[in-house]
Amino acid sequence: MDQSTERLLNKLHALVGPAGLLTDADAQAPYLTDWLGKWKGATPVVVRPANTTETAAVVRLCSETRTPVVTQGGNTGMSGGATPDASGAQVVLSTTRMNRVRAIDPINNTLTVDAGVILANAHDAARSVDRFFPLSLGAQGSCTVGGNVATNAGGIAVLRYGNMRDLVLGLEVVLPDGRVWNGLRGLRKDNTGYDLRGLFVGSEGTLGVITGVVLKLFAQPRRHATAWVGAESLEQLVSLLGMVRTRCGERLTAFEMMTAPSLALVMAHVADTRAPLVQAMPFNALIELSDAGDASLSELLEATLAEAMGDGLIVDATLSASEAQTQALWKLREGISQAQVRAGKAIKHDIALPISSLADFVAQAEHDVLASAPGTHIVNFGHLGDGNLHYNVMMPLDIEPATLSARTHQLNGVVHQLVTRFGGSISAEHGVGQLRRDELRIYKSPVEMELMLRIKQAMDPNHLMNPGKLL
Ligand code: FAD
Ligand code: MLT
Ligand code: ZN
């Protein structure tokens with residue numbers, strides 16, 4: 001270890017103590033690769049500050065010594081944003097020890113947490129005062145609220161409650177020079193200048209370390225109704241989405257889509273799963289209604305699906321009759337991420353499109369992808385209710401890295417050019433990280449790139465915060 005690193009470690013030790021430092025290679029290992037196993041990095045030290053004061057002191061020291069900082073929460077991100085590069089010069093700052101629920105306020109409907117609080121624990125804290133925090137995604141058992149803010153996470157309830165940008169009221173952030181911005185307000189209205197909070201949502205660790213978050217709370221849903229439906233075409237599911245919205249209004253909480261190949265992948269690779277319908281259908285939707293009132297929703301959902309069947313929109317449907325059945329249906333949807341990792345190497349496209357363009361996009365994409373790479377296995381699923389598809393292409397587990405890289409580059413181009421033609425986005429909810437950094441300048445205008453680079457330069461002139469990510 002060279003002298004400057006040794007000096008840095010000694011100073012960090014004085015700031016956070018032995019509990020806050022991981023220098024042992026084995027202890028560091030889980031922090032140096034991402035959930036997908038796609039990226040691998042190195043670091044002289046993983047620092048785990050216990051609170052905002054320690055975080056500020058660590059960032060100030062890194063600023064003075066020009067040491068790059070890679071902030072990490074639950075390390076469940078899918079864009080490589082939380083993995084240090086291979087240089088071994090970047091300090092990993094993990095927020096996982098900052099896991100206190102600071103305040104729960106059912107009158108102002110706010111929940112104030114440390115950034116390292118696990119999302120599922122934020123759900124429990126809201127429930128403890130008969131309130132509801134709606135952000136819901138497959139990684140909720142390990143992702144952190146700070147990571148959810150930094151990636152502007154989406155998940156399965158966006159169509160009713162919005163994504164993290166819509167759910168954050170206030171932030172506390174350690175700035176790249178170590179100063180602390182305390183914006184931990186729970187006001188619904190505060191028109192006093194630029195939207196500083198909005199700047200840090202989706203900033204992916206490149207503008208500062210989020211250390212505290214004020215979240216919006218909602219009424220606890222008392223009633224749910226869940227159904228799985230099968231249709232011949234995506235057009236029919238899009239029409240069904242419109243019908244359910246018209247008939248069920250704000251009660252519509254989730255409208256997830258799975259194609260037959262994506263469902264088959266889950267049933268092949270996730271234990272205790274079974275076919276939701278008698279006959280496998282090319283396009284499926286998992287639909288959930290919820291409401292804070294006492295009126296049963298099952299009849300409403302049943303009547304809506306009966307009308308849809310009468311109109312020929314759907315061929316089959318099953319209405320969940322129990323919590324166990326509801327869980328079994330959600331296991332099919334939430335099992336996709338894991339199934340893809342077990343089945344092969346997924347070339348992922350986390351794309352957003354106008355809902356009215358989804359069916360045309362999918363038809364054209366299938367044609368273009370198969371023309372470009374005959375025989376590829378397309379696994380298409382996602383949050384149809386908000387226009388976000390995970391249009392993934394599976395490659396064999398043992399594919400040569402060079403072949404995978406070439407294929408990825410080729411198919412990214414095919415899919416993302418089409419997405420742009422349909423007025424969509426090349427990253428709906430997973431962010432940019434390392435994964436989309438180089439493509440960003442292709443799909444963002446020069447004005448947008450220049451504005452973002454100016455903001456980065458103004459906030460982090462030494463480019464120490466998560467270098468090589470996003471921009
Ligand atoms: P990390 O992975 O640790 O970090 C992600 C990024 O945020 C990095 O750039 C990091 O530098 C930055 N960061 C983390 N914490 C902070 C902080 N305190 N301050 C500043 N920067 C920070 N995502 C969705 O949006 N929707 C889904 O439906 C969804 N489903 C998923 C399902 C599975 C099974 C898995 C494994 C992931 C899924 N994800 C989904 C992706 C991931 O869970 C989200 O991106 C999540 O928000 C990441 O949170 P994290 O704490 O794990 O962040
Ligand atoms: C999901 O919605 O399941 C994830 O965001 C997508 C994925 O795991 O590819
Ligand atoms: Zn998703």
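These are my notebook entries on the two ligands in this structure, which is a predicted model.

**Entry 1: who surrounds ligand 1?**

I started with ligand 1 and looked up its neighbours. There are 36 residues around ligand 1, and Thr71, Gly73, Thr76, Gly77 and Thr144 come nearest. Sorted by class, that shell holds 11 nonpolar, 23 polar and 2 charged residues.

Next I checked which elements the shell comes from. Strand S3 (69-72), helix H5 (145-150) and strand S10 (209-216) each give at least two residues. Which of the elements gives the most to this shell? I found that H5 does, with 4 residues.

**Entry 2: polar contacts of ligand 1**

Here I went looking for N and O atoms. Gly77 has a polar backbone atom 2.7 Å from an oxygen atom of ligand 1. I noted Gly77 before, among the residues that come nearest. Two other glycines turned up as well: a backbone N or O atom of Gly155 lies 3.3 Å from a nitrogen atom of ligand 1, and for Gly205 I also read 3.3 Å, again from a backbone N or O atom to a nitrogen atom of the ligand.

Then I looked up the cover. On its own, ligand 1 exposes 960 Å², and the protein buries 96% of that. As for where it sits, I found ligand 1 in the largest pocket.

**Entry 3: who surrounds ligand 2?**

On to ligand 2. I listed its shell: Met78, Arg333, Ser337, Gln340, Lys348, Phe381, His383, His390, Asn392, Glu429 and His430. By class I got 2 nonpolar, 6 polar and 3 charged residues.

**Entry 4: polar contacts of ligand 2**

Which side-chain atoms come close to the oxygen atoms of this ligand? I wrote down three cases. The side chain of Ser337 has an N or O atom 2.4 Å from an oxygen atom of ligand 2. For Arg333, the distance from a side-chain N or O atom to a ligand oxygen is 2.8 Å. For His390, a polar side-chain atom lies 3.2 Å from an oxygen atom of ligand 2.

I looked up the cover here too. Taken alone, ligand 2 exposes 270 Å², of which the protein buries 87%.

**Entry 5: where ligand 2 sits**

Last, I checked the place. Ligand 2 is in the largest pocket, and that is also what I noted for ligand 1. Helix H13 (336-343), strand S18 (377-383) and strand S19 (388-395) are the elements that give two or more residues to the shell around ligand 2.

Key
Residues numbered from 1 in each chain as written. Chains lettered and ligands numbered in written order. Predicted model: local features only at pLDDT ≥ 70, side-chain atom pairs only at ≥ 80, totals over all residues. Heavy atoms only, no water. Near = heavy atom within 4 Å. Polar contact = N/O pair within 3.5 Å; in protein donor to acceptor, adjacent residues only side chain to side chain. Areas by Shrake-Rupley, 256 points an atom, 1.4 Å probe, with all protein chains shown as cover. 1 Å grid on protein atoms, 1.4 Å probe; cavity = no way out; pocket = protein on both sides within 12 Å on 5 of 7 lines; lining within 4 Å. Sits in = over half its atoms within 2 Å of the grid points. Nonpolar A, V, L, I, M, F, W, Y, C, P; charged D, E, K, R; others polar.
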